[in-house]
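User: I am new to this structure and would like to go through its annotated domain and salt bridges. Please start from the model itself.

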Amino acid sequence: MKQATLISPGNIVFSEVGTPTELGDNDVLINIKKIGICGSDIHAYKGKHPFTPFPVIQGHEYSGEVVAIGAEVRSVKIGDKVTGRPQLTCGTCGPCCAGLYNVCANLKVEGFQAPGTARDYFVLPEDRTYVAPDQVSYDEIALLEPAAVAAHATAMIRDIENKNIVVTGAGPIGNLIAQFAKIRGAKRVIVTDFNDFRLNQLKQTGIGDLINLSVETFEEGIDRILKGESFQVGIEAVGVEPALYNLINNIEKAGQVLIVGVYEEFPRLNMGFVGEHELSIQGSMMYKHEDYLQALNFVVSGQLVLKTLITHRFDFQDYNEAYAFIEKNASQTIKVLIDVN
């Protein structure tokens, strides 16, 4: 089978390797159909992801068709359209024992610290496999992973129905977080970005409170939309220091700031200001089983829109070209899919 391996920054090589032939009793073999490229993948491709060594087989957002199952598999059948949760956890550390396996002390993530799905076939355990109904496309199934990120982050918001929420970054994660916040009943959802193309894509999902930072300041945009009100929750979904400053410097006292973006360079914070304003700054790490289920349910119900995120696609053999395209055309790109099979 074909396989793509990122061996060094900016260098994916292709090879032929053996197809898995033996499955454990609880394993599922899938034929990979689509792979999504996300911001974390781009950081890794550039050699700037803080937790990804080389070489690595990328691919953690994906869809596939089940082609074989182990003897004890009951919830998955051959022909099912599926994706999988890419977390490898130890099950014995403190967080795992507390049910917080998404922050397992020994966590490895497929596509970063463990081999991912950039290949023809991939083996999954049944308990990390999610079956989608036939009406959900392989494109959409590949985006359930970032949707689960958004599900998890917005589930951390306290009393969301009474909160004005500001999301920094209109990329795929920011877009999905905004959608989830709206679905969960947030009082108002505002998204900021410098990219008018990405902001306009949000309008297709019903998110209309947008701040283009290339034409107005963060403060001006907040005043225009909230008309003297403040916001109580900020979600940083782009991973740059100025975006974090905008949230912390303008959020209501005792507000909640969630960090979802991946930072290539560590930001500096005025912790005295954070203390005086009694702000809660909290990380949001990936997702849990229930987040995948909720994302899938919202897609099936039509509340969560995924198709509008997909702006470009490339064939498997053009993996390197896909990254080059993203680098050159970032302002007109949201989600790029790799067509594997």
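User: What share of residues 24-133 is strand?

Analyst: This is a predicted model, where local features need pLDDT of at least 70, side-chain atom pairs count only at pLDDT 80 or more, and totals for chains, interfaces and linings use all residues. Residues are numbered from 1 along each chain as its sequence is written, and side-chain values use heavy atoms, without hydrogens and water. Helices (H or I, at least four residues) and strands (E, at least two) are DSSP runs, numbered from the N terminus. Over residues 24-133 the end C-alpha atoms are 25 Å apart, helix makes up 10%, and strand makes up 34%.

User: How many salt bridges does a search of the whole structure find?

Analyst: A salt bridge is a side-chain nitrogen of Lys or Arg within 4 Å of a carboxyl oxygen of Asp or Glu. A search of the whole structure finds 17.

User: Which residue forms a salt bridge with Glu65, and is that partner buried or exposed?

Analyst: The closest N and O atoms of Glu65 and Lys33 are 3.8 Å apart. Glu65 lies in strand E4 (residues 61-69) and Lys33 in strand E3 (residues 27-37), so the pair ties together parts 32 residues apart in sequence. Buried means under 20% relative accessible area, exposed over 50%, partly exposed in between (1.4 Å probe, protein chains only). At 14% relative accessibility, the partner Lys33 is buried.

User: Where does Glu241, which meets Arg268 in a salt bridge, lie?

Analyst: The Arg268 and Glu241 side chains meet at 3.4 Å, N to O. Arg268 lies in the loop between strand E14 (256-259) and helix H9 (271-276), and Glu241 lies in helix H8 (residues 241-250).
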